[in-house]
Amino acid sequence: MAAWMIVLFFTVIAALPSSAIQLTKHQSKTISMIYPQSWGFFSKDPREDSLNIYPLTPGEKLRWPNNSLKNVIGLNRYGRTQGIELGLMLEKLPPKEKWKDYTAGQDIKNTTFLKVKNESPSPTLKGKMIITYERITPWAWSKHTKTKRTIKKFIGVDVN
């Protein structure tokens, strides 16, 4: 147990830009050989825009996020497959198709819908939907705004 604590200690120290405890170049190099990605592997930019889907076909439901109670805190993989399907569909979009910029109050349901085929073996996403890129409100400001996400761009798709 003590050995693991020492390894953890040295990996944290090596990841810090500067601290009171300095590692030698040899120690830093050894740690970077063991953990080449450092702690960056575990993190994601919290201000990165996120994808979302708004199904317009009655009866279509999303099972996102995967760690919600309706997905038994991640044990049910149904919601995870929808994210994979979305990624596959976005990859199939022609590069000339332009995402439309969103302005507050705009009715995004009245847009043109691009025909897209869901090539998943067991498709769960079907019908007309709006795919959006959304900016998440930073946690520090979340108490001061009603909206937790702001739509930045969108595109309409009709999934077969």
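Good morning. Let me begin with arginine 135, which is partly exposed, with a relative accessible area of 39%. I should say at once that the model before you is a predicted one.

Arginine 135 brings us to the salt bridges, of which the structure holds four. I will discuss three of these pairs in turn.

In one of them, arginine 135 is paired with aspartate 49, and their closest N and O atoms are 2.9 Å apart. Arginine 135 sits in strand E4, residues 127–136, while aspartate 49 belongs to the loop between helix H2 (25–34) and E1, so the bridge ties together parts that are 86 residues apart in sequence. Aspartate 49, for its part, is partly exposed, because its relative accessibility is 25%, and partly exposed covers the range between 20% and 50%.

The next pair is lysine 115 with aspartate 158, whose side chains meet in a salt bridge at 3.1 Å, N to O. This bridge also links distant parts of the chain: lysine 115 is in strand E3 (residues 113–116), aspartate 158 is in strand E5 (residues 149–159), and 43 residues separate them. Are these two partners buried or exposed? Lysine 115 counts as exposed, at 59% relative accessibility, whereas aspartate 158 counts as buried, at 14%.

Strand E5 also contributes arginine 149, which is bridged to glutamate 134, with the closest N and O atoms 3.3 Å apart. Glutamate 134 lies in strand E4, and the two residues are 15 apart in sequence. Arginine 149 is partly exposed, having a relative accessible area of 40%; glutamate 134, at 0% relative accessibility, is buried.

Arginine 149 leads on to the next topic, since this residue is among those that line the second largest pocket. The volume of that pocket is about 220 Å³. Others in its lining include Lys44, Asp45, Trp64 and Ile136. Which strand supplies the largest share of the lining? Strand E1, residues 50–55, does so, with three residues. By character, the lining residues divide into six nonpolar, two polar and four charged.

Finally, I turn to the surface at the start of the chain. A nonpolar patch is formed there by Met1, Met5, Leu8, Val12 and Leu16, which together have about 510 Å² of accessible area. Methionine 1 lies in the segment before helix H1, residues 2–15. Why does methionine 1 count as exposed? Its relative accessibility is 76%, and the cut-off for exposed is over 50%.

Thank you for your attention.

Key: Residues are numbered from 1 along each chain as its sequence is written. This is a predicted model: local features need pLDDT of at least 70, side-chain atom pairs count only at pLDDT 80 or more; totals for chains, interfaces and linings use all residues. Side-chain values use heavy atoms; hydrogens and water are left out. On a 1 Å grid over the protein atoms alone, a cavity is a set of points where a 1.4 Å probe fits but cannot get out, and a pocket is an open set with protein on both sides within 12 Å along at least five of seven lines; lining residues have an atom within 4 Å of a point. Grid points are joined across faces, edges and corners, and a volume is the space filled by probe spheres set on the points. Helices (H or I, at least four residues) and strands (E, at least two) are DSSP runs, numbered from the N terminus. Ala, Val, Leu, Ile, Met, Phe, Trp, Tyr, Cys and Pro count as nonpolar, Asp, Glu, Lys and Arg as charged, and the others, Gly among them, as polar. Patches are made of residues with over 30% relative accessible area and no salt bridge: like charges are joined within 9 Å, nonpolar side chains (Val, Leu, Ile, Met, Phe, Trp, Tyr) within 5 Å. Accessible areas come from the Shrake-Rupley method with a 1.4 Å probe; for residues, only the protein chains shown count as cover. Buried means under 20% relative accessible area, exposed over 50%, partly exposed in between (1.4 Å probe, protein chains only).
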